[in-house]
Amino acid sequence: MGSALTGLRLLIVEDEAMVAMMIEFMLTDLGCVVVDVAGTVSRGLALAGDEALALDGAILDVNLGGEKVYPVAEALRSRHVPFIFSTGYGIDGITEQFAQVPALAKPYEQQTLENMLLTILVPGAPPTGDVAR
Amino acid sequence: MKLIPRPDAWKQWRPGPRLVIALAVGLVVVGLSMAVYNERVAGDQKLRAVTVQADILSGSVTAALAFDDRPAAREYVAALSANHDVEAVGVYDLQGGLVAGYSRAGSELPATNRVGPPALISDRLVVTRPVTQGATRLGSVYLRTISEPFARRAARYGGIAMLIVMASLVVIVLGVSNSSLAEAHRALQAEMEERGKTEEALRRSQVMEAAAQLSLATERGRAALRQSEQQLEFALQAGRLGSWELDLETRRLAASAFFRANFGFEPDEPVDRYEQLFARVHPDDRERLQRAVDRAVALGADLETECRTLADDSEVKWVQVRGRAVYDDRGSPVRMAGVSLDITERKLAEERQRALLDELNHRVKNTLATVQSIAMQTSRTAETVAAFEEAFLARIGALARAHDLLTEVAWDGASLTRVISQTLAPYVGQGQSNRVNLSGPDVRLGPNAAVTLTMAFHELATNAAKYGAFSSLAGRVHVKWNLDSSSDPVAVEIDWRETGGPKVTPPDRRGFGSRFIEKGLAREFDGEVQLVFDPEGLRCHMRLPLSPKLQMAA
């Protein structure tokens with residue numbers, strides 16, 4: 001599929017297998033490469049710090065079985081890897097420190113995910129639809 | 001207490017009637033005695049006076065008699081006749097013949113004179129004296145004076161006596177009246193004294209009665225006040241309400257024990273300043289409290305605000321403060337009074353409710369995302385709409401049962417045994433309970449883990465029903481799990497093994513189910529999962545490290 005997102009290497013941090021699979025499905029559909037899926041903060045930190053993965057971006061579920069994903073977000077930010085949040089708590093549930101980070105409210109459509117990824121990963125690229133924020 | 005002054009003793013002495021009469025009689029006796037004595041002395045004096053007159057006359061007429069000078073004798077007699085008391089005067093010669101004489105009308109001189117002692121003859125004092133020259137007797141003189149008549153004297157003495165008697169009577173009357181007056185006075189005084197005492201007693205009894213009534217009224221008032229205060233206190237205590245009153249001018253604060261407790265003060269800690277209270281309010285809530293107070297005072301509105309308080313311990317307490325300002329006649333705010341209530345419990349309940357609602361919202365959203373995922377992936381793999389419908393509804397059903405299980409335990413720690421047995425139940429017909437063989441320790445699953453494992457076992461059971469053990473009557477499914485304490489991290493090992501089913505052949509391509517189990521499940525638990533398509537029967541080995549979502553039951 002010819003898209004501005006084609007070939008981008010993305011990390012998914014999501015603790016619900018069914019939802020993670022859907023995101024993976026959507027990203028694959030968009031031409032992205034899902035480098036890995038982390039279900040826990042520790043696994044997420046390990047992947048975020050792995051330079052060999054050559055991450056282009058990440059989609060982070062805010063709440064991982066009671067644990068907040070922010071340490072992973074910190075690690076990504078320090079490496080200048082752009083990311084978006086995916087949350088079932090609504091965007092108000094995000095800490096002040098990452099208030100400027102775009103967030104997807106579950107459940108979301110593939111189109112919404114695509115637009116948000118274009119916004120953060122491909123500067124100057126016109127969105128293909130409405131940008132949800 | 002006012003007393004009538006006791007008069008001096010002498011003033012109180014009053015003579016009795018007997019004494020007064022005795023005194024009067026005494027006066028009469030003394031008066032009479034004096035009259036008698038006076039009569040005697042007066043008589044003697046008169047006698048001496050007349051005798052002297054007679055002697056003077058005797059001396060005067062000596063020469064006249066010696067020389068028989070009658071005119072001279074008459075001159076001396078005439079001189080005496082000027083005296084009104086003199087009734088008759090006579091000068092007689094030695095033979096007793098009258099030489100010169102005078103007598104008042106109606107009276108006579110004796111023809112001859114014989115010298116004798118003075119004599120009183122019917123109120124007339126008669127004095128005769130001889131006239132002598134040396135030893136030679138020349139003649140005699142006769143002097144008769146009018147003595148005061150007895151009747152006149154009697155009248156005079158009678159008058160005096162009358163005066164004395166009258167005086168006595170006056171004394172008696174005065175004495176008696178005085179004594180009766182004194183008696184009356186004493187009686188009056190006694191009566192007055194008695195009345196005074198009575199009045200004093202009355203006054204005292206009135207005072208006492210008034211005092212008693214006042215005291216009774218005061219006591220009743222106090223009792224009523226006490227009762228009302230007690231009722232208020234009871235109501236406040238029953239409601240666990242603190243009460244407070246703030247003087248808006250001096251900012252003095254009067255606070256009840258509950259109020260002080262609400263703001264974290266010790267029971268015996270003195271609290272009387274608004275500033276003390278303010279210091280106990282959470283810094284973030286101070287401005288809000290002050291604004292609420294100012295607004296209530298300015299608008300005359302009810303104060304109703306909530307604030308956190310700083311107790312000595314780190315525990316945050318919530319207090320609701322209600323009140324209203326009181327204004328004076330000119331409408332200036334004077335003070336503010338109200339109640340306080342510890343609403344920490346309510347706040348915590350509200351927070352819990354808020355958290356529950358947030359959690360519910362989160363779960364609903366996640367569940368919708370799960371349903372979305374199921375729908376999307378089922379649709380991509382289903383060859384027909386009917387196949388999609390069947391697979392989709394079965395998966396939604398499994399998801400619903402997972403939620404049922406979680407609801408049973410209030411979304412807190414579903415049992416692995418229950419998750420597996422419930423998921424496999426639809427594939428176990430009546431009398432076929434031996435088709436499933438479960439064994440393993442009690443493992444508690446968090447909500448997400450319970451849902452994921454339910455979906456995983458659902459996929460395994462569905463596959464078994466289509467191609468494996470559940471597709472033949474002889475087929476059996478064995479699920480065994482245990483804790484591998486030797487590994488790091490410690491993990492739960494779960495083995496799914498099918499026996500007695502048709503011969504297994506590996507599938508041409510991996511469907512949603514196998515991808516979900518091998519990849520989704522493994523990644524969620526940060527563990528390892530292998531599907532082994534053993535011809536004897538499908539096997540699935542799961543190695544899931546312990547984590548907050550997967551724990552051994554206590």
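Q: What makes a residue buried, and how many residues of chain B meet that condition?
A: A residue is buried if 20 or more other C-beta atoms, placed from the backbone, lie within 10 Å of its own; with 12 or fewer it is exposed, and in between it is partly exposed. Of the 554 residues of chain B, 26% count as buried. The model is predicted: local features need pLDDT of at least 70 and side-chain atom pairs pLDDT 80 or more, while totals for chains, interfaces and linings use all residues. Residues are numbered from 1 along each chain as its sequence is written, and chains are lettered from A and ligands numbered from 1 in the order in which they are written.

Q: What makes B:Arg251 count as partly exposed?
A: B:Arg251 has 13 C-beta neighbours inside 10 Å, so it counts as partly exposed. This residue lies in the loop between E6 and strand E7 (253-255) of chain B. Its phi is near 60 degrees, a positive value in a residue other than glycine.

Q: Is B:Asp526 buried or exposed, and why?
A: B:Asp526 counts as buried, because it has 20 C-beta neighbours inside 10 Å. B:Asp526 is in the loop between helix H12 (512-525) and strand E16 (528-534) of chain B. Although not a glycine, B:Asp526 has a positive phi of about 55 degrees.

Q: How many helices and strands does chain B have, and what makes a run count as one?
A: Chain B has 12 helices and 18 strands. Both are DSSP runs numbered from the N terminus: H or I over at least four residues for a helix, E over at least two for a strand.

Q: How do you know that the span of helix H11 (residues 447-467) of chain B agrees with its number of residues?
A: The expected span is 1.5 Å times one less than the number of residues. For the 21 residues of H11(B) this should give 30 Å, and the end C-alpha atoms are 30 Å apart, which agrees. H11(B) is mostly covered, with 18 of its 21 residues buried.

Q: Why do strand E2 (98-103) and strand E3 (119-121) of chain B count as edges of their sheet?
A: The sheet is open, has 5 strands and follows the order E2-E1-E5-E4-E3 (chain B), with antiparallel pairing. E2 and E3 of chain B each have a single partner strand, so one side of each is left without a neighbour in the sheet. Neighbouring strands are turned by 15 degrees against each other on average, direction ignored.

Q: How do you know that strand E4 (residues 124-133) and strand E5 (residues 136-146) of chain B pair?
A: Two strands pair if DSSP finds at least two bridges between them. E4 and E5 of chain B have 10 bridges, in the antiparallel sense. B:Pro130 stands opposite B:Ser140 in E5(B).

Q: Which strands pair with strand E10 (residues 333-342) of chain B, and over how many bridges?
A: Strand E6 (residues 241-247) of chain B is joined to E10(B) by 7 bridges, running antiparallel. Strand E9 (residues 316-327) of chain B is joined to E10(B) by 9 bridges, also antiparallel. B:Ser243 stands opposite B:Val339 in E10(B). The hairpin of E9(B) and E10(B) has 5 residues between the strands, and there B:Gly331 takes a positive phi near 85 degrees.

Q: How many residues of chain A are in contact with chain B, and what makes a contact?
A: Two residues are in contact if their C-beta atoms, placed from the backbone, lie within 7 Å. By that rule 19 residues of chain A are in contact with 26 residues of chain B. Helix H1 (residues 17-29) of chain A gives the largest share of the chain A side, 7 residues.

Q: What makes a set of residues a nonpolar core, and which members of the largest one touch the most others?
A: A nonpolar core is a set of buried Ala, Val, Leu, Ile, Met, Phe, Trp, Tyr and Cys residues joined through C-beta atoms within 7 Å. The largest has 83 residues, and A:Ala58, A:Leu60, B:Val419, B:Leu445, B:Ala450 and B:Leu521 touch the most other members. H11(B) gives the most to this core, with 10 residues. A second, separate core of 25 residues includes B:Leu65, B:Tyr76, B:Val86 and B:Val131.

Q: Where are the prolines A:Pro107 and B:Pro489, and what is omega at the peptide bonds before them?
A: A:Pro107 lies in the loop between strand E7 (103-105) and helix H4 (110-121) of chain A. The bond from A:Lys106 to A:Pro107 is cis, with omega near -15 degrees. B:Pro489 is in the loop between strand E14 (476-484) and strand E15 (491-499) of chain B. The bond joining B:Asp488 and B:Pro489 is cis, with omega about 0 degrees.

Definitions and conventions
Axes are lines fitted to C-alpha atoms, for helices over the stretch in contact, and angles run from 0 to 180 degrees between N-to-C directions.
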